[in-house]
Amino acid sequence: MTTASTQEVTITRPRLPRDLPATTREIRLTARPVGMPTADLFHLTSAPIQAPAEGQILVRNTWMSVDPYMRGRMDDRPSYIPPFQVGSALEGSALGEVIASQSSEIPVGATVTHLAGWREHATLDAAQATVVDPDLAAPHHYLGALGTTGLTAYAALTEIAPVQAGDTVFISAAAGAVGSIAGQLAKVLGAGRVIGSAGGPAKTDLLTTAFGFDAAIDYRTGDLVDQLAHAAPHGVDVYLDSVGGDHLRIAVEAMRHRGRIAMVGAISGYNGGGPGPAPDLYLAATKEVTLRGMLVNSYFPIFEDYIAKAAAWLADGTLRTRETVYDGLEKAPAAFLGVLSGINSGKMLVRLG
């Protein structure tokens with residue numbers, strides 16, 4: 001005869017901080033853009049704060065990132081990442097403090113990064129968050145130099161288009177988030193000469209005075225071919241492309257034999273109007289040039305190693321950063337539109353608290 005045993009089960013219900021409001025704010029997409037997005041496509045609204053279920057955490061976001069790739073997610077078309085949904089909150093990299101937890105892996109008080117930005121509070125599975133060390137570097141760096149921005153630059157110049165000692169390296173959108181870090185990393189990796197392209201004298205000055213580029217060209221003045229020829233009279237060995245269009249075309253023309261091109265973005269075509277002038281692929285073939293695209297998530301296995309190196313470079317001044325910061329969730333649309341129009345120097349961030 002089998003005797004049944006009874007066992008007392010304790011059910012732990014999610015608890016929220018007593019001073020937490022019942023609702024939070026988030027920004028939703030109201031419609032899909034045609035061409036350049038406009039401010040009316042973004043709606044700031046309130047939503048209930050969800051208590052975390054088993055295995056989940058509640059994060060009070062303190063910083064969020066806006067990035068050019070988000071423009072592609074506004075279109076309803078197949079891509080490497082799902083499109084934003086009309087009527088729903090947008091998404092993107094964010095950093096914050098865990099204020100409630102139903103996870104044994106992530107305690108209350110931890111600082112985490114995740115992809116539920118564009119809102120002031122986020123309830124998500126603990127597996128979707130990454131705990132970071134706020135004592136290693138200022139927390140906002142985990143959305144920039146120590147985040148996917150920095151990893152993109154590092155992977156591009158070590159895995160996609162490896163920099164070799166003495167190389168001449170050309171970087172487009174060089175005063176932006178990825179480009180400003182890439183120029184400095186190229187020097188760390190042994191480049192002999194680093195040239196950046198940016199828009200306007202303030203940004204080109206920044207490249208040479210703050211970020212250590214050897215030369216800068218201003219694409220707004222035209223004559224890209226002549227400017228690059230003057231800055232790199234013997235040609236280019238490595239090109240990091242975030243622009244596409246005419247920048248990619250002239251880079252192919254300037255490449256030396258067996259040059260390497262890392263294609264990490266093409267912001268010149270994000271708002272429609274076609275891809276711009278195509279590069280001469282026959283010329284690239286006769287020079288045995290390598291053109292290779294990259295998605296940063298393919299390089300997450302080297303993320304931890306990169307963070308350790310980059311944190312040391314930040315600490316000793318080898319790696320310097322600039323941030324353009326907007327304050328308040330309500331300013332996030334303006335910050336995003338600013339990235340698309342190129343008003344930022346370095347990383348564009350929104351401070352939420």
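In this predicted model, the structure holds 15 salt bridges. A few of them are worth visiting one by one, since they show where in the chain the charged partners sit.

One salt bridge joins R256 to D237, with the closest N and O atoms 3.6 Å apart. This pair links distant parts of the chain: R256 belongs to strand β12 (residues 255-263), while D237 belongs to strand β11 (residues 236-241), and the two are 19 residues apart. The surroundings of the partners can be read from their relative accessible areas. R256 is partly exposed, with a value of 39%, whereas D237 is buried, with a value of 8%. The limit for a buried residue is under 20% relative accessible area, so D237 falls into that class.

Another salt bridge stays inside one helix. R249 and E253 form this pair, and their closest N and O atoms are 3.5 Å apart. Both residues lie in helix α6 (residues 245-254), where they are four residues apart, about one turn of the helix. R249 is partly exposed at a relative accessible area of 24%, and E253 is partly exposed at 38%.

Strand β12 also takes part in a salt bridge through R258. This residue pairs with E288, and the closest N and O atoms are 3.2 Å apart. Here too the pair links distant parts of the chain, with R258 in strand β12 and E288 in the loop between α7 (281-286) and β13 (290-293), 30 residues apart. R258 is exposed, with a relative accessible area of 52%, while E288 is partly exposed at 40%. Elsewhere, salt bridges that share partners join R25, E120 and E330 into one network.

The next stop is the sheet to which several of these strands belong. Six strands form an open sheet in the order β10-β9-β8-β11-β12-β13, and their pairing is parallel. At the edges stand β10 (215-218) and β13; each has a single partner strand, so one side of each is left without a neighbour in the sheet. From one strand to the next, the twist averages 15 degrees. As a general reminder, strands of a sheet pair through backbone hydrogen bonds, either parallel or antiparallel.

What covers one part of this sheet can be described through helix α4. Helix α4 (residues 201-209) packs on the sheet and touches β9 (193-198) and β10. The direction of helix α4 makes about 165 degrees with that of β10.

The pairings can be followed strand by strand. Strand β8 (residues 168-171) and β11 pair in the parallel sense over three bridges, and V169 stands opposite V238 in β11. On to the next pair, β11 and β12 are joined in the parallel sense over five bridges, with A262 in β12 as the bridge partner of L240. Four bridges then join β12 to β13, which run parallel, and M263 stands opposite G293 in β13.

How much of strand β11 is buried? Strand β11 is mostly covered, with six of its six residues buried. D237, the salt-bridge partner of R256, is buried at a relative accessible area of 8%.

A look at a residue in another strand gives a further example of a covered position. T111 lies in strand β5 (residues 111-114). At 15% relative accessibility, T111 counts as buried, because the limit is under 20%. Leaving aside neighbours within four places in sequence, T111 is in contact with L95, G96, T130, V131, V132 and P134.

Finally, the model can be searched for enclosed space. The structure holds one cavity of 30 Å³ or more, and about 80 Å³ of space lies in the largest cavity. Which residues lie nearest the centre of the largest cavity? The lining is made of 14 residues, and of these G144, A145, T321, E323 and K347 lie nearest the centre. Two elements, α3 (177-188) and β15 (347-351), each supply at least two residues of this lining. The largest share of the lining, three residues, comes from α3.

Notes. Residues numbered from 1 in each chain as written. Predicted model: local features only at pLDDT ≥ 70, side-chain atom pairs only at ≥ 80, totals over all residues. Heavy atoms only, no water. Salt bridge = Lys/Arg side-chain N within 4 Å of Asp/Glu carboxyl O. Buried < 20%, exposed > 50% of the residue type's maximum accessible area, 1.4 Å probe, protein only. Pairing = 2+ DSSP bridges. Axes fitted to C-alpha atoms, helices over the stretch in contact; angles between N-to-C directions. Contact = heavy atoms within 4.5 Å. 1 Å grid on protein atoms, 1.4 Å probe; cavity = no way out; pocket = protein on both sides within 12 Å on 5 of 7 lines; lining within 4 Å. Points joined across faces, edges and corners; volume = space filled by probe spheres on them.
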